[in-house]
Amino acid sequence: MQQIYFMSNAISIVPHPVNEPVLSYAPGTKEREAVLAAYKEFCNSTTDIPMYIGGKEIRTEDVRNVISPQDKNHRFANYYYGTEEHVEMAIASALQAKSKWAAMPWEQRCAIFLKAAELFAGPYRAKINAATMVGQSKNVHQAEIDSACELIDFLRFNAHFAAEIYKEQPVSDDAIWNRVEYRPLEGFCFAVTPFNFTAISGNLPASMALMGNTVVWKPSDKQTLSAKVIMDVFQEAGLPDGVINMIFTDGKKTAEQVMSHKDFAGLHFTGSTDVFRNMWSLIGQNINTYKTYPRIVGETGGKDFVLAHNSADPSQVATGLVRGAFEYQGQKCSAASRGYIPRSIWEQVKTEMKRQLEEIKVGSPEDPQNFVNAVIDQGAFDRCKSYIDLAKNDPDAEILFGGKYDDSVGFFVHPTVILTKNPNFKSMWEEIFGPILTLYVYDDEEWKNTLQLIDNTSIYALTGAIFSRCRYATVEASKALENAAGNFYINDKPTGAVVGQQPFGGARASGTNDKAGSKMNLLRWVSVRTIKETFLSPKDYKYPFLG
Ligand code: NAD
């Protein structure tokens, strides 16, 4: 059937984006009651999580269990695992949906995702938050800032940025009109998302689709429940069939299959550095296969630092460390995981950290009093345990706080602070991705060398923070650490970037730094066509200089 779009002749203005307010979930609030009820509902049922290909729910014989990280014996959902056949189906469906979707007027595409934002903000808020709490073990505040607010912000701000991009046009000379068109990429796109942020998992496929692309989306096997809620909302918002195809398949095999396809046009990845490097190599190996050079965006690991100057307020430093390192069990790419504290304020910082850490409760997110919940799975638990055991047994390190772990019910690791005498101790440079912070106390006169040390210790360059009340020191550190972090914080923890306010991403081994939730990121998903129209075309080849 031939599709005829009734193009509007208006230049539409996207509603001005505003960050979604973070609800309090204080005792007695309506939102607390609603989210805890939704949490119970997930726990007391077995949710069925199909793949979604071409708008259809796909179930296979390979049914896998979804368990709660906080209650490992509790299966609360099933998901269906696919094979190469499903990858092929998803690619075919994305390619089939492409021309119709790409021809859809941009403001109509925006309207779908803006509607999805309102569904998440209203009728689906408790559900998406509860899914994130049950499936990814986030406390209610962490779920709210991620799966409700950040996801809503991505959808609202991206519509606004898309409009800004489309509006951007070149200048024109006499008797000509220059225009640029922002074409979607030619082919299909591939989004591969991590377990730790529901917002990222929704944003990666949605931002590509917003710009007119069709997508094969492979979420993490550890984030299936909230991924299902995202697909349900996108469908309810009116996303046409085949625009985003969600599959649960083996990551490595799927990457090999997708990246050897001639129509593969773009990768939007967030996850660990090694996986991204492997995918980039695959793209390199297949470079002669493609119709067009694929766009590659990857936001990857971190080893994020907090540096205190001796002018800093010790209680602010301690709070930045505690919140920065232990919120969501340190499973944020931006989590503070190495700290550098001057000897002159160390005792005060230590005392204040001790006071705060003694109050922190560890347990299931079902009890909102628990600040720290479970790490995502057995693998994460074992990794954390190995670093704690290393620190317990190495003469260069000691466990200052925490160091307890228990996987008898769920994967619980207590907030742990390692103190090391060796600034190159393993946990000062390797990404752990758990509630483990390593501190190094430097002599005050070693300030300049400490700046160099921070810059050179790790391969990553995602986030970093300086606490200082001396503007000279702040300026010096900002310059010396210019390339050590893509998001640099002054007197604040290095986590909690807000869409539209602190565009997020890092360089070096932390990624391509294309800043999710910004215009810079959306520009990666379009390919510009320039059109020059001449109103008075010349009728002879001779230029005036030829006489
Ligand atoms: P991961 O790399 O294990 O998995 C990410 C995705 O890749 C998942 O969908 C997974 O199934 C898939 N995958 C796994 N192996 C693959 C392979 N060989 N080929 C193709 N795909 C494969 O990461 P994770 O544990 O889900 O997330 C944690 C990591 O993500 C951390 O390293 C963290 O720093 C990083 N992260 C970075 C950012 C950022 O913005 N820089 C944000 C969130 C998370």
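Which element supplies the largest share of the shell around the ligand? That would be H8, with 3 residues. Keep in mind that this is a predicted model. Below is a quick tour of the ligand site, followed by two buried side chains, glutamine 136 and asparagine 213.

**Who lines the ligand site**

- The ligand is surrounded by 27 residues, and the closest of them are Thr193, Lys218, Ser272, Thr300 and Glu431.
- Sorted by character, that shell splits into 13 nonpolar, 10 polar and 4 charged residues.
- Three elements each put at least two residues into the shell: helix H8 (251-259), strand E10 (264-270) and helix H9 (273-285).
- Both domain 1 (30-300 + 511-531) and domain 2 (304-490) pitch in, with at least three shell residues from each.

**Polar atoms facing the ligand**

- Glutamate 431 uses its side chain here: one of its N or O atoms sits 2.7 Å from a ligand oxygen.
- Threonine 300 works through its backbone instead, with a polar atom there lying 2.8 Å from a ligand nitrogen.
- Serine 220 also offers a backbone N or O atom, at 3.5 Å from an oxygen of the ligand.
- As for cover, the ligand on its own would expose 850 Å², and the protein buries 87% of that.

**Glutamine 136**

- You'll find glutamine 136 in helix H4, which covers residues 125-136.
- Its relative accessible area is just 1%, so glutamine 136 counts as buried, the cut-off being under 20%.
- The side chain of glutamine 136 has a polar partner: the side chain of threonine 198, at 3.1 Å.
- Beyond four places in sequence, the contacts of glutamine 136 include Pro69, Phe195, Asn196, Phe197, Lys222, Gln223, Ser226, Tyr328 and Ile376.

**Asparagine 213**

- Asparagine 213 sits in a loop, the one linking helix H6 (198-210) to strand E8 (215-218).
- Buried or exposed, what is asparagine 213? It is buried, because its relative accessible area is 0%.
- The side chain of asparagine 213 reaches back to methionine 208, coming within 2.9 Å of that residue's backbone oxygen.
- Setting aside neighbours within four places in sequence, asparagine 213 touches Lys98, Trp101, Pro184, Leu185, Cys189, Met208, Val243 and Trp525.

Key:
Residues numbered from 1 in each chain as written. Predicted model: local features only at pLDDT ≥ 70, side-chain atom pairs only at ≥ 80, totals over all residues. Heavy atoms only, no water. Helix = DSSP H or I, 4+ residues; strand = E, 2+ residues; numbered from the N terminus. Buried < 20%, exposed > 50% of the residue type's maximum accessible area, 1.4 Å probe, protein only. Polar contact = N/O pair within 3.5 Å; in protein donor to acceptor, adjacent residues only side chain to side chain. Contact = heavy atoms within 4.5 Å. Near = heavy atom within 4 Å. Areas by Shrake-Rupley, 256 points an atom, 1.4 Å probe, with all protein chains shown as cover. Nonpolar A, V, L, I, M, F, W, Y, C, P; charged D, E, K, R; others polar. Domains from an automatic or database assignment.
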